[in-house]
Every structure is written in structure tokens, then in C-alpha cells.
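Subject: Structure handover and notes

Dear colleague,

I am passing on the structure we spoke about, together with some notes on what was found in it. Please have the coordinates open while you read.

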Amino acid sequence: MRGDTDEAIFLKDYAPTPYLVEKVELDVLFKPDRTRVRALLTLVPRDTTEPGTPLELDGDALTLDSIAVDGLPLALTAYKETEAGLTLIEPPHKRFVLETNVWLEPENNTELMGLYRSSGTWCTQCEPEGFRRITYYLDRPDVLAPFKVKMTADRQLAPVLLSNGNLVDQGQKDDGMHFAVWEDPHPKPAYLFAMVAGDLGSIHDSFTTMSGRDVALGIYCEHGKEDRCAYAMDSLKRSMAWDEKRFGREYDLDIFNVVAVSDFNFGAMENKGLNIFNDKLVFAQPETATDADYASIESVIGHEYFHNWSGNRVTCRDWFQLCLKEGLTVYRDQEFSMDERSRPVNRIEDVRQLRQIQFPEDGGPLAHPARPDNYREINNFYTATVYEKGAEIVRMLATLLGEADFRKGLDLYFERHDGDATTIEAFIAAFEEATGSDLQQFQQWYLQAGTPELKVTDRYDPETQTYVLELTQSTPPTPGQSEKQPMVLPIKFGLIGPNGSEMNWDTVSGGEVRDDMIVMNTPSLALTFTGIPNRPVPSLLRGFSAPVKLKTPLEQDDELFLARHDSDPFNRWQALQDVATRLMTEAVAGTDWSDADLDGIASALEETLASKDLDPAFKANALALPAEQTIARAIGQDIDPARIHAVRDALISGIVSRLAETLEKLYLTNDSRLSYSPDFKQAGRRAMKNAALSLLVAGGTAHGPRLAREQYERAQNMTDRIAALTPIVTAWTPDAQALLGDFRTMYTADPLVLDKWLALNAAAPDEGVIGRIKAILADPSFPRNNPNRLRALMGTFAMRNPTQFARADGAGFRLVSEFVADVDTRNPQVAARVLTAFRVWKMYEPTRRAAAENALKSLKESGDLSRNTAEILDRTLAG
Ligand code: PHE
Ligand code: ZN
């Protein structure tokens, strides 16, 4: 079996390499059928290395043609080719040059790791372990070297030749070939290496850095799509300016290029000076991209650019430290988008995402610490925990230290570790030293898996005018970690008086309270506030100041009070969500809501919509009721997704029947015909209007379906078109089939819009969905190897269609597990990622649980799975 025999790798076994790489020189010849890579590696043993220590180089899917040391071909007995690469049995005990010549077959590389072709363009993906598929190397992040690469290719086939750093030479040859030589002066790990060779169009601009240096900016893409790159270019320039202004970080090369490719396993990659992007995160035009697409482009362009400091200048010692660069960089990209858009609205959306994706990971069989201590396949650890929880940890650090001290610590970290491959401990130490704080207990956030639960109860004594808050934290056991330590929790809060304004207190005792923040670091805490004239309503965890599950003492009336009065917009939103969640969980358990309950939530929503000081984008979020998966998680066990779906529909109908007029008016007065701009204000208005439309359809109103159809038909931009089609398809109204067909025909030629069609088909909760998906997969024109298409169809079905994925007859589970087995033979990363949808399987009621287990077991028996998929499968079954 491919992946079954692989052993885990442990953090505790970390040891530096016995040899260092001083220089890498590559000479790459791109030919239509195969590519030759000649590598000259200047290697030197460390002072501590014993003579005769073998040199073990990583290599994968390489065909070795020749090998020499210091110009002399090696005897067959001097090296051996192994499963994992190549070993020099007794290298010289001094500086030496190793030359290897290998052949690669990028045409047959469907895994999209190493050198591959995407629509004819040669491109690379080296993080985390792709460079070993280009040449034999010490392919790990703590081996840093300067790279120089000569690329030679047919002038017609590949007029564009790009790599990292600066272009130092180029020229023509007489045989129709040409070459370019790129040199990157910054030593870097191999995972940041990149090459692109192809026939591409481009747009160009420039940026002047804070010290006055001009940087040439380029975005490369398929010919004819250049005009779709403008927003990405604009985002790039804003990112560069923002990182200077907010964090004092300047760009360090004269060139910065971005290349958009159609086949890519992730979103994008931060290769030094040559970012490679999934084209869906570059291309944007009003007719084909939604407001959400524009926002993602801005955020991912920012993310990859920000890696230049958090990741590239300071990199990771080993892959266990992945969140050193990813958590920090997600935090930075979130802050960028918040500064460009809206702090509270972005926070709501980031938290929604965290709860939707990271919480279920942290609460299921795939739970792992933000810094894991072992793995079988590192590609399986590019997770929401490493990225999004990693960002929450950095955010808590900023909250605890305050903005000025956080900046001091970050500056020290960048300064001290510039050019290093380092660790989480070193990151934390920089903050401790710069600010004189003790962060040892805080560091647990990186080491301990699971989402802490924070329970709060309160008591008010009118006699003594004291108010007591009792807080208890606990973290549930996760695989491999049964005992948990208490965490450091920064809990932003306020006490709200009967008139809706903040209350002050005379004294507080029993724990650490700094202004509006409780710092909790014990299992429990009882805080006593004195000088409180009336019973307050506590607003806890403002801005979601710690990534925990909060159980508050609040009754529905208190929550509705907060929804109206809290000065913290996040908690206003949260209060509405909490009321809706409670009504639904109680109804699923058999206690229906009353008319008064519906009146209460409807009038709070109505007041929210009428508010003059809330953003339309905020109101859009208020109108979006908790997702079915959120309800499922709140219930926690014996889940019947069909029941949850029905209850949620009923709640929507109940609310909408009370708000139909308001929603319709909101819809009609905000349905602007202004020419499209992706800016936050206009996008927010669209989001609010479309949230109203969606409710009008889902709530079964008389006008809803007609308004939606009309909007679909006259839409001038993709945001409005999709926003009209989505509720039609979700509710499977009589128009659904015809409009889906219309959409399909209208956008046949645009693969990225086709993804939206695939996702709509896959997310619709109607009974016909499995048949539709099978028909799409069976269509010979369906691109079977493109990750975007596969994810749009099957990722969406598995993750965003809770009722049909978890059908009681098991057909949804089987569809997904059979798909995983098939795709695994071509692209293990995509297969393993889709398989993670099963992480919730133990939460289902017995029939569905058994059906899910059967699907997983038959995948296991299908045999010969990749290491990626085998690892996810084993952990999912065991957890
Ligand atoms: N490092 C990339 C990022 O910015 C993600 C990535 C990982 C891309 C692995 C490709 C392969 O988050
Ligand atoms: Zn990243």
C-alpha cells in the first residue's frame, strides 16, 4: 500500500543537517516532452560533522542521468538511489560541488507538486516538499542558500521565463531557443524557489518604497485575461503601502511578480519575488466575480505579499513550526483587510469562518495543536487550526500586550531573526524580551489542541450593590491529549446598565482586570465588582477576544437587550445569533418556540435594520441566521441533519412572516443601478439587499421568488446574479432547473464561473443532487484533474450540503468516498482535503453514523491509498 507503511515524523527528533548548502546553481532545459535539470550544489560539512558522514538528499520522481563531485563522475559504489532520494556514502570532508543531472516529466505531474504544466505553462510548487521533485536536495526549511537559475526554452512556446530575484542575463540562441538567468541574493529555503516558463500576457506597474526604491510590479496570466488583473495589481500596491505604514516592513528586491495559473492545489504561494496564484484569486471583473471574490483577492494578494517578511525573511526551522509563518501572516492579512474595509464587519466574517471550519476540526478526530508534534504527511497540516487558530493566537498576543508593545515585540522578532529559520519559542521569546512579560503559559495555545469552553455565571446583590462574575474554563480531550492545562484568556467585556450604557465600578477583586479586559489564567475565577447600582447585563468576549466557546448566563431577554444596546458591534451580532441558535436547538430537542419568541427576535432584527449607525454590511450579517452546521455543533451529538434543516426553515419562515414588508422595502430601496464598484460601501449595500432577498425566498413569501428571478435576469454583475440564483436553487423553486441551465449556457467559456455553477448544483439540498453530480462527473468534458473544478463540485457537496452528504441511506457518504478513492490516484492533496468532511461522522445519530463508518471502511479496503489520504482516513476512523 502506498501510504499505509509510512511512519510518523516527530518534532522531538529534530536535528540540523550535517552538511550546509552554500550555493545552488541550476540549469534548466524545458522541452515539450521532458525537462532536464542540471544542479550544482556547493556543499560543506559542519564543523561538528564527523568525516565519512553520509549525505542524504531528498528526491522524488527524478530520473538520474549523471552525478559528479568536483567535476569527477561518481563511481556506482559512491552513492545509492533510495526510496526517498539519494545518498552520497562518503562525501569529501571539505567544501565540494555536487553536480547532478536529472530528467523530469512535468507533463505527467497531476499531483501539482514540483514542476508541472498548467494549460501549457510550466510552473512550480515547492512548499512544502516539492523541490525534491525538481532536483536532489536537502529539501527542508532550515537549509538556506542563494539560488541562481538559468532557464532555457523554445522562444515560441515560452517567451516568458521567470524565477526568483533579479534577471541578470538573457539571450537568444540560433536553434529557436532562448534563455534567462535569474539570481536571488537572499538566501532561502528550497520551498520558496519558483520557475515559470510559458506564453503569457502581463500587466505592469511600479511601487516606490518608503526609502525611495522603485519596484517593478508584474502580473502574468493567460493571454486575453490581462484586463482581469487590475484589481489584483491595485491590491498589491495597497498591501505594499500598508505593510510599510502599519508594520514598518519594506520590500527588498527590485522586482515583484505574480503569476496566475489555472491548476493549483491551494490559494497561492509566496515564492520569493515570484508569487504563484490560483487564477481564481487574481481574476476579477464585475460580470464574472462577486464582491466576495474581490475581497478574497485583496486578502490573498496581501497574505502572500506579507509573507515576504513573515515567512521569507524569517522562515520556519521545520514544518512543525508552520503556524509561525501562517498564523502570523493570516493575522497580518486580516488586519490589512480590516483597515481597508471595516474592523467589526471583517471580524464577524473572520469569526464566522473560524467557527465554521476550525471549530469542527478542533472538536473532532483530526484535532491537532497549532504546532503539531508529529505527522505522517505534512501536506495534511495546512489546516484551519494552523492558519486561522494560529492567527487568533497572534491576535490574543496583540490584545494582551496592547498595540504598542505588540509592535515592539514583532520588530524585535524580525530584527533578531532576519535570515533565520526559527521556532515558535523564539517568536514568543521576542515578545517576552521586548515587553518584559512572561508568556510561558500563553505559549500553551500553540501546544494544546481543542477549543476551550468558557462558562460564566453571575449574581447581583442589590443590598451591597455588588456584582459577581464566575468564570470556569475547560478544554475537552483531543486525540493524543487527554489532560489539558488552563489557558490564558483575554476576555474583553463591559457591564451594561438598564439604560443601555456602560457601567463603571468602584473596585474589582478576585482576579486580574485591566480596564475592559479580564485576563484569566486559572481553571476558574470569581470576580466581585462593587459600586454597581443596578443589575447589569454583561457583554462578554467582546470582539471575540479569545477563540473559545462561551456559555453565558444570559436569558433571551438579556440577549435581545444586548442586540439593541451593546456598544460592541460584534456582540450585537453575536446576541442575535445566540437567540436564533437557542430557539433552533430547543426546537430540535422538541420544545417549539412561541409566538412571543418570534416577535422578540423579529423586532430586534427590525431595529437593527433601522439603525442609522450600523453599516449595511453589518446588517447583512445580522440577517444571516446561523448555518445548519452551527446548530449541529451546538447540539453536539445524535445529529439528524434533516431535522435541523426543517427546523431552520421553519424559523426563517416564522421570522420572515413578521418582517416581509420591511425586508421587501429594504430590498427595493437598496437595489441600486449604480455602475459596479467593489468598494466596501457599495458591496455592503449589495450584501444587505441580497440578504433580504434571500430571506424573502427562503421564507416562502409571495414575492420572493419573482423578485429573485427578475434580479437574476437583469443583473449587471455577478454578485447580484449569483445572489439571486442561490436562494432559488437552495429552495429549489420551480425556476431552479431552468435558471441553472441558463447560467450554465451563458458562461460555458469561463471556467471560474463554471465553478460557481458546479458549487450551486452541489450545495442544493434537493433529493436530485446526487444524480446531478454523477451526471456532471460522467460528462467526458468535465476537467478531471483541475483542483478548482473538483473542489467546487465535491468539496462543496461534502462540506456545504449537510443534509444530502449525510443522507440516512448513505448515498452521500458513498459518493464522496468513491470520489476520494478515484481522485487519490491523481491528486492526493485534493483527495485528502475532501475526505476531511467526514470528521463530523461520530456526531451523527446511529443510522447515519453507521453509514459513514461503512463508507470510510470501504475506502480503507479499496487499498493503495496515498500517504495523504491514508493518514486522514486512519485518524478519522480512530479519533
Ligand atoms: N504557503 C501558502 C500560503 O500562503 C500555501 C500553500 C501551501 C500553497 C502549500 C501551496 C502549497 O498560505
Ligand atoms: Zn500563507
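The notes below take the ligand site and then the strands.

Please keep in mind throughout that this is a predicted model, and that every value quoted here was computed from its atoms.

The ligand site

Ligand 1 is surrounded by 13 residues, and the closest of them are Gln125, Glu127, Glu270, Glu304 and Tyr387. Sorted by character, the shell around ligand 1 consists of 5 nonpolar, 3 polar and 5 charged residues. As for where the shell comes from, at least two of its residues are supplied by each of β20 (268-269), α2 (291-306) and α3 (322-340).

Several polar distances may be of use to you if you set up the site for calculation. Glu304, which is among the closest residues, has a side-chain N or O atom 2.8 Å from an oxygen atom of ligand 1. For His307, a polar side-chain atom is found 3.3 Å from an oxygen atom of ligand 1, whereas in the case of Lys325 the side-chain N or O atom lies 3.5 Å from a nitrogen atom of the ligand. Taken on its own, ligand 1 has 320 Å² of accessible area, and the protein covers 97% of this.

The open sheet

Turning to the strands, 8 of them form an open sheet of mixed pairing, and their order across the sheet is β6-β5-β9-β3-β2-β12-β15-β14. The edges are held by β6 (72-73) and β14 (166-172), and because each has a single partner strand, one side of each is left without a neighbour in the sheet. At the β6 edge, the neighbouring strand β5 (residues 63-69) runs antiparallel to β6 and is joined to it by 2 bridges, with Val69 having Leu72 of β6 as its bridge partner.

The strands β25, β26 and β31

Further along the chain, β25 (residues 453-461) and β26 (residues 466-474) run antiparallel and are joined by 9 bridges, and Glu453 is paired in this way with Ser474 of β26. These two strands form a hairpin with 4 residues between them, in which Gln465 takes a positive phi near 50°. β26 is also joined by 7 bridges to β31 (residues 524-530), again in an antiparallel arrangement, and here Thr472 stands opposite Ser524 of β31.

Which side-chain contact should you look at in the site, if you wish to begin with an oxygen atom of ligand 1 and Glu304? The pair to display is the one at 2.8 Å, between that oxygen atom and an N or O atom in the side chain of Glu304.

With best wishes

How values were computed. Residues numbered from 1 in each chain as written. Chains lettered and ligands numbered in written order. Predicted model: local features only at pLDDT ≥ 70, side-chain atom pairs only at ≥ 80, totals over all residues. Heavy atoms only, no water. Pairing = 2+ DSSP bridges. Near = heavy atom within 4 Å. Polar contact = N/O pair within 3.5 Å; in protein donor to acceptor, adjacent residues only side chain to side chain. Areas by Shrake-Rupley, 256 points an atom, 1.4 Å probe, with all protein chains shown as cover. Nonpolar A, V, L, I, M, F, W, Y, C, P; charged D, E, K, R; others polar.
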